[in-house]
Amino acid sequence: MSEESSVSSRRPSPLGGRKPTKDDLAAFATDDPNAIDDILPGDSSGLKMLIVGINPGLWTAAVNAPFARPGNRFWPSLHQAGLTDHLVDASRGLDPADEQQLLRRGIGLTNLIGRATVRADELSREELRHGATHLIDRLADIRPRAVAIAGITSFRIGYRQPKAQFGRQDTSLIDGWPREVALHVVPQPSGLNAHYQVADLARIWREVWDSIDD
């Protein structure tokens, strides 16, 4: 990855490094379509896996860091899968060094929908379908080798695939999806998802990572 691509354009945490209060969280329940910055290289070179959340939670928006709410299993499972060198604590914001670690590994993060909500089920079907189409449009510029979308219910709605199951998807069923980009659906790592613990998610992340051709 080039030196230019390693320069972060992400905004620091709006809270200056402190954890959000209830009042802080309420202030981020807005219609802002860009509640959190992506983690993407400047030139998209070497991007191996693009992880796609459904939309930011309020805590995530408050500190401008993906999967930041304490109790979310994303960062522990990514570390247990061997995809980070240490356990990232994003609860007060994402350290620039942790962002660069992901990018050096070839890992990027974005969301289907940019506005923050308490729960993903607050999103409308129209929002999910618009976000799904918008992701396809972005792939020509982002150019990942594989995409992993975290959330089966929202995937089914957004891509009109009501029978989709977890795992690698048949992209020929999705209009406009680039043939060269593999697509996986993985479980939502929220602490509210009792069906998948850290070890389960770590195994899934490792399987997705190992399936991507170098």
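**Exercise 1. Helix H5**

How many residues does helix H5 have, and what span does it reach from its first C-alpha to its last?

*Solution.* The structure is a predicted model. Helix H5 covers residues 125-142 and has 18 residues. The expected span follows from 1.5 Å a residue, which gives 26 Å. From first to last C-alpha, H5 reaches 25 Å, close to that expectation. Just after H5, Arg143 takes a positive phi of about 55°.

**Exercise 2. The surroundings of H5**

Identify the buried residues of H5 and name elements that cover them.

*Solution.* Buried here requires under 20% relative accessible area. In H5, the residues that are buried are Leu128, Gly131, Ala132, Leu135, Ile136, Arg138, Leu139 and Ile142. The next step is to find their cover, which includes three strands: E1 (49-53), E2 (107-111) and E3 (146-150). Helix H6 (152-158) is also among the covering elements.

**Exercise 3. Aromatic pairs**

Classify the ring pairs Phe74–Trp75 and Phe155–Tyr159, and state whether their residues are buried or exposed.

*Solution.* A search of the whole structure finds six aromatic pairs. For Phe74 and Trp75, the ring centres are 4.8 Å apart and the planes stand at 80°, so this pair is edge-to-face; the cut-off for that class is over 60 degrees. Both Phe74 and Trp75 are buried. For Phe155 and Tyr159, the centres lie 5.2 Å apart with the planes at 40°, so this pair is tilted. Phe155 and Tyr159 are both buried.

A further step is to follow the links between pairs: Phe67, Phe74, Trp75 and Trp205 are joined by ring pairs into a cluster. Another aromatic ring, that of Trp209, has the charged end of Lys48 over it, 4.1 Å from the ring centre.

**Exercise 4. The whole chain**

Describe the order of elements in the protein chain and assess its compactness.

*Solution.* The protein chain has seven helices and five strands. Read from the N terminus, the elements follow the order α-β-α-α-α-β-α-β-α-β-β-α. The radius of gyration is 16 Å, close to the 17 Å that the globule rule gives for 214 residues, so the chain is as compact as a globular protein of that length. Along the principal axes, the C-alpha trace spans about 45 × 40 × 30 Å.

Burial and contacts complete the description. Of the 214 residues, 52% count as buried. Among contacts with a separation of 6 or more, 74% come from residues 24 or more positions apart. The accessible surface comes to about 10,700 Å², and carbon and sulfur atoms account for 48% of that surface.

Note on methods:
Residues numbered from 1 in each chain as written. Predicted model: local features only at pLDDT ≥ 70, side-chain atom pairs only at ≥ 80, totals over all residues. Heavy atoms only, no water. Phe/Tyr/Trp six-rings, centres within 6.5 Å; stacked < 30°, edge-to-face > 60°. Buried < 20%, exposed > 50% of the residue type's maximum accessible area, 1.4 Å probe, protein only. Lys NZ or Arg CZ within 6 Å of the ring centre and 35° of its normal. Helix = DSSP H or I, 4+ residues; strand = E, 2+ residues; numbered from the N terminus. Expected span 1.5 Å × (residues − 1). Contact = heavy atoms within 4.5 Å. Rg over C-alpha atoms; globule rule 2.2 N^0.38 Å. Areas by Shrake-Rupley, 256 points an atom, 1.4 Å probe, with all protein chains shown as cover.
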